[in-house]
Each structure stands twice: as structure tokens, then as C-alpha cells.
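Thanks for making time this morning. I would like to walk you through one model, and I will begin with a question before turning to the details.

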Amino acid sequence: MDAHIQVKNLNAYYGKQLALKNINIEIPKNQITVIMGPSGCGKTTLLKTFNRFFELTENTQLTGEVLVDGENIYNKDVDVTEVRKVVGLLAQRPSPLPMSIYDNVAYGMRIHHLRKNREEYKTGVKHYLEIAGLWDEVHQRLSEPATSLSIGQQQRLCLARGLAVEPEIILGDEPTSALDPISSQNIESRLLELKKQYTTVIVTHTLRQAKRLADYVIFMYLGELIEAGPAKEVFSNPKHERTKQYLEGLF
Amino acid sequence: MNFKKKHFERRHLIELFIKTIMRIALIIVASSLGLILWTIISRGLPSLTWDMVTQIPKGGYYMGKEGGILNAIIGSIYLASGGTLIAIILSLPIALYLQAYAQDSKWGDYVRLSLDVLWGIPSIVYGAFGFALMISLGLRASLLAGIIALALVELPIMTRAMDEVIRRMPKDLEHAALALGSTKFEVALRVVTRQMLPGIITGILLAFGRGIGDAASVLFTAGYTDRIPTSLMNPTASLPLAVFFQLGSPYPEVRERGYAAALILTIIVLLVSFGSRWLASRLNKYTVK
């Protein structure tokens, strides 16, 4: 397996409380990995360690390593903005920036100086809005505030915005939980289309979504990694008793 | 079942009592505002002639003859604009720094505490401080010295007002920008200022209003003159001092003009605050609610 993210002996603390217990896992390249488990199991915490968002919470501590392309992103000389450029995030609820639809997508390209002139920005914005499946709906209202879009459109805008930074990895923290069924389906099909070019890691609490999306599955319980493996194997033939119970809907 | 209100039950009486107190307080505040406006309008309006706002004082002005207070109007606008400009240049970075780098830190708390202390210092003290500073720099009473003193008066008000606004910045929004690989500075400059622009403008105007109405800080620093300043080194008149000097006059005509000057000052403040409300509502367009 070609691992894109490697987690080694990772422990995470909120204050004194241990939220992740000695996690070791490899996340395959250009596949969709789904992290699942009951609430409070640490799945979101694990995801947040991949783009160094965990440290944004006060009073947290981390030991161990997270390697992206073989490089530990917690090394002292690592520039956190470079990490977050490579590892994009699609949040639980869309939060458009206080600017126009166009500027939302152009924002990331601008701060990272990814384009040279106006024309290039225009084509860039169009390109990523198309990838996110939003172009046809918004191309005539690009200068309108991003908040004028519906929630589902906003989430696709956030996807376009994230992709415009040219990441290699997309993290999704329950990215459809705030959306209606049709918008959720839309986001899911985008993620499936994108998986050939991006390594995708999704946290979800809905088993059905996990089954629809996952190539690779990580099951967590109470801060521990219980089981991980190719989706087919884990879903059809879970090795661990806890996983089996979870898949059967016992908790 | 009987849903009828029992008016003489204890808890209803308490509610009635508290409600009455609140109403009385409201009436006192609203009527004093009305009274202030009525006083300056009824006394000031009759002497608010075209000459008042277009002429500088002529020879016999302070005995009730012709002339106006254009010198003080222009002087006040110069002083308050200059002071506000300097205060913005200093306040905005401080407020953004507090948000981006000193959130909930001890150091941030110290900065906020010292700003609150500065806020509480009477403006005459700033005037005295500005005066001492002026002497030591070999400056004379001038527009520049007045602007510096006013900037000092406005700085804590503006910074704290901005800080309170910026603190309400939604965390989600900040995180969204950080997730794209923004530095904290980029978040502050490109996202926070845009989201919080209406509030920031309100803070600026609050300080401007305080600055243009402040008499004590400009008393020693800007001086008073009948001429319109042509350079930063000229002394300058100001509206609050125009009110002060004219109300102290033995001539009734001049005292009336003091009220007219107060009315002009009030109108300027009102215009600026309505203008800013309008501006803020237009800039509101992109903010995330």
C-alpha cells in the first residue's frame, strides 16, 4: 500500500484527558478513507491532527508523529501554513468568507500567489467552481456575497475554495451532516469523482455514508483505533468484536 | 381551571414595580436628551445665521457685531479628523494584534487593562500631558499639538471599541481561513477586517465624536485664534472652546452665539454618525451573519 499519511504512536490530550491513545495507522494515497465510530471516540480529533487544527484548541498536547509524504508535520521547522496548503479541510458546516463568491475561490490562490494575473485568476476560479459542480449555478452572480447561496451550494463553494489552494489531501469533518439529502448526495459524488487525484479522509457518523464512500475504513472507539483495513473486508468480515457490534448498530 | 391573572399576587406586584422603575429611568434619559436638544435649538437657532458658518470673527464680533465662527468649525474638523486618523493608524493594529496573537493571553489582558485605565483618564490630563510634551519639544500651541492630544484621547476609546467588536469574530470563519493555509496576519487583514468593518467604523466614529466635542485637551495644546489655520504649526480655534468662550461673555448676543456654536457642533456629530450608519449598512453586504 502506498501510504500518504502515516501516524506513529500518536497520543492527544485535552488538558489531562487522553483523547487519542497510541494511534498507529497508514492512510492510502488517492483513496477515500473513512474514519467511523460512535461520538466521542476521537475520530474528529484524529482528523484535526492531520492539518494541525488540533492545536487551535486551548490547552491541548500531542505526542507522536504524523507524516505526510514521509515528513513529520509536527517537526519544529515546519511551516504550519504549508501543511494546511497541502492538507485541505471541508468543515462540518460551510463557512463562506465575508466576500463575494468569486473572491472566496480566489482567496486561497491569492494568499499562496498561485496565479500571475487577472485572467489566470478568472480561469482558475471557473475551473474550481466547475470541479465543485457549482459553475452553472453561479456564473452569473460571481460578485454576489457568498452568503446569498443556499447551504448546499455554500458547501460546494467551500470545496471549490479548498481545491483552489491545490492540496493533495482533502479532509472532511462530517462534511454533509448539515446538508439536505440532495446536497449531501451532490457532495458525495464530487468526493467520489475527486478521489483519483486526491487522498481523501472523511469522518462520518452515518454508517450508510461510510459504506457508500469508503475504500479504506478506520474504526475507532474511546480514543483507540480498534480496526482498520480495506472497506470490503471490514464491512463484510470485521475481525474485532466491537466493530461487528457497531456495524450491526448495537451502539 | 381559572387562568385569570391575580393582580395582587406578590410576584405580579414585584413585576409591576420593576417595570415602573425601568419606565421612569427611560423617561428621564429620553427627556433629558430632548431637553438638551431643545435648549440648544431654541437658543441657538435664532442666531444661527449664514454669516455664522461662512465668516471668521470680524473686529467687533466678541461684542455682538458681525462675523462668524468658521475658524472654529474648520479648526474642529481639522483637529478631530487629524486626531482620528492618527488614532486609527495606532488602534487598528493594536486591536488586530490582540485578536490574532494575544487572544485570552495574560499579555492581552494587561493591554486591555491599560487601555481601560487610559479611557478613564480625564481629557484635561491629556491636555496637560500634551502641553508638557509640547514645551519639551519646543512646539507652541498649534494644530499639530492639538491633533496629538486628541489622538491620545481617542486612542483608548477606539481601540477598545474595535477590540470588543473584533472579539465577536466567529471562530468558524477564522478557522475556515486558517484551513486554507492563511497566516494569522492574513486572517486579520483579509477576513477579520472585512467581516467586522461595520463595527470597526462604529468604533472610529465613537472616537471621532468624543474627539470633536472635547474642549479640555485642546485648550492648552491647540490654543484659540480668529484665523483659519494654514499649516500644522498654526494655532487653531475649535467649536467646544468657541462655545465655552462665548457663553462666558457679558454680551447676551455673544452668549446666544455660544448656543449656535453648540448647535453646529451637534449637527456635525449627528451628520457624521448618520453618515457612518449609512456607510456601515452598505459595507454590510458581504459580512457573514
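How many ångströms separate the centres of domain 1 of chain B and domain 2 of chain B, taken over C-alpha atoms? Before I answer, please keep in mind that what you see is a predicted model. The separation of those two centres, again taken over C-alpha atoms, comes to 29 Å. As for the bounds, domain 1 of chain B covers 10-47, while domain 2 of chain B covers 52-286. Where the two domains touch, domain 1 of chain B contributes seven residues and domain 2 of chain B contributes eight residues. If we sort the domain 1 side of that contact by class, we find four nonpolar residues, two polar ones and one charged one.

Let me move on to chain A, and to a sheet there. This is an open sheet of six strands with mixed pairing, and its order reads E6-E7-E8-E3-E9-E10. Strand E6 (87-90) and strand E10 (224-230) of chain A form the edges, each pairing on one side only. On average, and with direction ignored, neighbouring strands in this sheet are turned by 15° against each other.

Staying with the edge strand E6 of chain A, we see that four bridges join E6 to strand E7 (residues 169-173) and that these two strands run parallel. Within that pair, A:Leu89 stands opposite A:Leu171 of E7.

Finally, there is helix H1 of chain A, residues 43-50, which lies across strands E3, E6, E7, E8 and E9 of chain A. Relative to E8 (199-203), helix H1 of chain A runs at about 150°.

Notes. Residues are numbered from 1 along each chain as its sequence is written. Chains are lettered from A and ligands numbered from 1 in the order in which they are written. This is a predicted model: local features need pLDDT of at least 70, side-chain atom pairs count only at pLDDT 80 or more; totals for chains, interfaces and linings use all residues. Two strands pair if DSSP finds at least two bridges between them. Axes are lines fitted to C-alpha atoms, for helices over the stretch in contact, and angles run from 0 to 180 degrees between N-to-C directions. Domain bounds come from an automatic or database domain assignment. Ala, Val, Leu, Ile, Met, Phe, Trp, Tyr, Cys and Pro count as nonpolar, Asp, Glu, Lys and Arg as charged, and the others, Gly among them, as polar.
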